Amino acid sequence: MAGPLPLGDPAPTDGRLPADLPIDRAVPFSAYLHIPFCRVRCGYCDFNTYTSTELRGAKQEDYAATLLAEIDLARRVLDDAGALRPMDTVFFGGGTPTLLPAGDLARMLEAAASAFGLADGAEVTVEANPDTVTPAVARTLAGAGVTRLSIGMQSAVPHVLAALDRTHQPDNVRTAVAAAKDAGLAVSVDLIYGAPGESLADWEASLDAALALDSEHISAYALIIEDGTKLARQIRRGEVPTPDDDLQADMYELADARLAAAGFEWYEVSNWARAAAGAGSAANRSRHNLAYWRGSDWWGFGPGAHSHVAGLRWWNVKHPAAYAQRLAASESPAAGTERPDEQSRLLERILLLSRIREGFAIDELPAANRTRVAGLIADGLVDPAAAVKGSIQLTLRGRLLADAVVRELTD
C-alpha cells in the first residue's frame, strides 16, 4: 500500500481554487482516473491500490458512480475558476483499471468528455493486466473512445514474474496485444528490469518478446525497492538479494541498443516510441506522460490521486471508503494542497524536463549554475552539440546518471 500522503495545507471542503491562480487556458489539460483495485498485491508495488480484502467499507461495483461525482465537482470548480477546457489526454491508471467492467470505464470516459470536452485527436489510454484483456473488452473500450492500451507485461520469463509476484501468464500478453490491435487500439507494453534473480540473458529474452509484439511504444523501468513493500521486507530479511546497480545499468544500455536497432527512439529516460516511416517517433509517444513532464495542468480523479492546475497541487484522501464518504457528503475528496515557491518550481521543472529527449534551455538555469554545463559535457553526461545550440540534452551516460546531473545543475 502507498506511503503516507504529503504534508500540506488543508484543502477547502468545496474544492474551490484560489482566486489569484494565474490560469492559462492555453496550457493543455489532462485527466487521470485512478482505479485502485488489484486481484493481488505485487511484492514491489507501493501504489495506492487495494485487494478485495482491503476495501473495508467500499464496494468495487459502486466505484464508477462515486468517481462520476468527483467529475461533476471538478467541472463546477474549473468553470468557476475560468479554467474549464477540453482534455488533450485521458489516462486510466491503477491498480488494474480492467478489473472493472469495460462498461464502467466507458461511463467514466463519457462523463469526463461531457463535463470538459475532448480535444480533437485526444489520446485516451487504459492500463491493463494481460489476463483481463479479451476481444470483447478491447472492442468496448475502442467503441467508447479509448485510443491506447498500456499492457503490463513486466517480463517474459516465468521466474522473473514470480519474483515480482505477477500472476499473469506470459502467453496472455500476446493475446491481449492481438485483441487490442484487432479493435484498432494503439499498444504500449511496460517492462521492469532488475528483479531478484533476473540475469542479463533473462532481460534480453523479455526485450525480444516485447519487440516481437510489434507495439508502437515500450516502457522499461528499473525496479526500485520502496519502503513498506513485501519485496523490501524480503531484502531486509536476506531472503532475496538487493538489485545490482551495475547490472541494472547494463540492462538499460542493452534495452536502448535493442530498441534503437528495432526502430524505436527514446524520448524519455524510461520510454521509447516506434518511429513512423519517413518521420520521427512523436506520433507514438505517450502524450499524457509528456503532459506531466512538461508541467501541464491535470485533474487526478480517485483515491490518492494528485492534481495540478496553474502551479497549485492537491491530493485526494487515500482509501476508497473515505473518498466515497467525502463525495457522498457533497465535499471535495482533497486531503491537502500546496503551492510551491518559484525556486521549488524551477527545480522540479529542470528535474522533469531533463528526462525528455528535447531537454531544456540552458537559460532556464540560474546564471551562477550555467558554468557547470562544461563539466557535465566533459564527463560525457550532456550532449555537446545540443549545448552549443543552447539546450541541455542528456547522453546515454547522462540518462543513467540523470539525478546526479540535476543535482549538479541545481545545487
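This briefing walks through aromatic pairs, nonpolar cores, a few buried polar residues and some backbone details. The model is predicted, so please read every value below as computed from it. A good place to start is Phe 29, a buried residue with a relative accessible area of 1%, which belongs to an aromatic cluster with Phe 116, Trp 299, Phe 301 and Trp 314.

**Aromatic pairs and a charge over a ring**

- The count of aromatic pairs in this model comes to 11.
- In one of them, the ring centres of Phe 29 and Phe 116 are 5.7 Å apart with planes at 65 degrees, so this pair is edge-to-face.
- Because Phe 29 sits in strand S1 (residues 29–35) and Phe 116 in helix H2 (residues 102–116), their pairing ties together parts that are 87 residues apart in sequence.
- Phe 116 is buried as well, at 6% relative accessibility.
- Another edge-to-face pair is formed by Tyr 267 and Trp 293, with ring centres 6.4 Å apart and planes at 65 degrees.
- Here Tyr 267 comes from strand S7 (residues 264–268) and Trp 293 from helix H9 (residues 287–293), linking distant parts of the chain that are 26 residues apart.
- Tyr 267 and Trp 293 are both buried.
- For those interested in cation placement, Arg 399 lies over the face of Trp 266, 4.1 Å from the ring centre.

**Nonpolar cores**

- The largest nonpolar core has 78 residues.
- Phe 92, Met 108, Phe 116, Leu 149, Trp 203 and Phe 301 have the most contacts inside that core.
- Two of these names, Phe 116 and Phe 301, also appear in the aromatic cluster with Phe 29.
- Beyond its neighbours within four places in sequence, Trp 203 is in contact with residues including Leu 191, Ile 192, Met 251 and Leu 254.
- The contacts of Trp 203 also include Glu 198 and Tyr 193.
- A second, separate core of 20 residues includes Leu 290, Ile 350, Val 405 and Leu 409.

**Buried polar residues**

- His 168 is in the loop between helix H4 (158–163) and helix H5 (170–182), and at 3% relative accessibility it counts as buried.
- The side chain of His 168 reaches the backbone oxygen of Met 153 at 3.2 Å.
- Leaving aside neighbours within four places in sequence, the contacts of His 168 include Asn 129, Pro 130, Asp 131 and Gly 152.
- Measuring C-alpha to C-alpha, His 168 and Thr 98 are 13 Å apart in space and 70 residues apart in sequence.
- Asp 297 lies in strand S9 (residues 297–301) and is buried, with a relative accessible area of 4%.
- The side chains of Asp 297 and Arg 85 are joined by a polar contact of 3.0 Å.
- Not counting residues up to four places away in sequence, Asp 297 touches Phe 29 and His 308, among others.

**Backbone details**

- The peptide bond from Gly 94 to Gly 95 is cis, with omega near 15 degrees.
- Gly 95 has its place in the loop between strand S2 (87–94) and H2.
- Gln 154 is not a glycine, yet has a positive phi of about 65 degrees.
- This residue, Gln 154, is found in strand S4 (residues 148–154) and is buried, with a relative accessible area of 8%.
- Ser 330 is another residue other than glycine with a positive phi, near 60 degrees.
- Ser 330 lies in the loop between helix H10 (320–328) and strand S12 (334–338), where at 65% relative accessibility it counts as exposed.

Key. Residues are numbered from 1 along each chain as its sequence is written. This is a predicted model: local features need pLDDT of at least 70, side-chain atom pairs count only at pLDDT 80 or more; totals for chains, interfaces and linings use all residues. Side-chain values use heavy atoms; hydrogens and water are left out. Rings of Phe, Tyr and Trp (its six-membered ring) pair if their centres lie within 6.5 Å; planes under 30 degrees apart count as stacked, over 60 as edge-to-face and the rest as tilted. Helices (H or I, at least four residues) and strands (E, at least two) are DSSP runs, numbered from the N terminus. Buried means under 20% relative accessible area, exposed over 50%, partly exposed in between (1.4 Å probe, protein chains only). A charge sits over a ring if NZ of Lys or CZ of Arg is within 6 Å of the ring centre and within 35 degrees of the ring normal. A nonpolar core is a set of buried Ala, Val, Leu, Ile, Met, Phe, Trp, Tyr and Cys residues joined through side-chain atoms within 4.5 Å. Contact means heavy atoms within 4.5 Å. A polar contact is a pair of N or O atoms within 3.5 Å; within protein, one must be able to donate a hydrogen and the other to accept it, and residues adjacent in sequence count only if both atoms are side-chain atoms.
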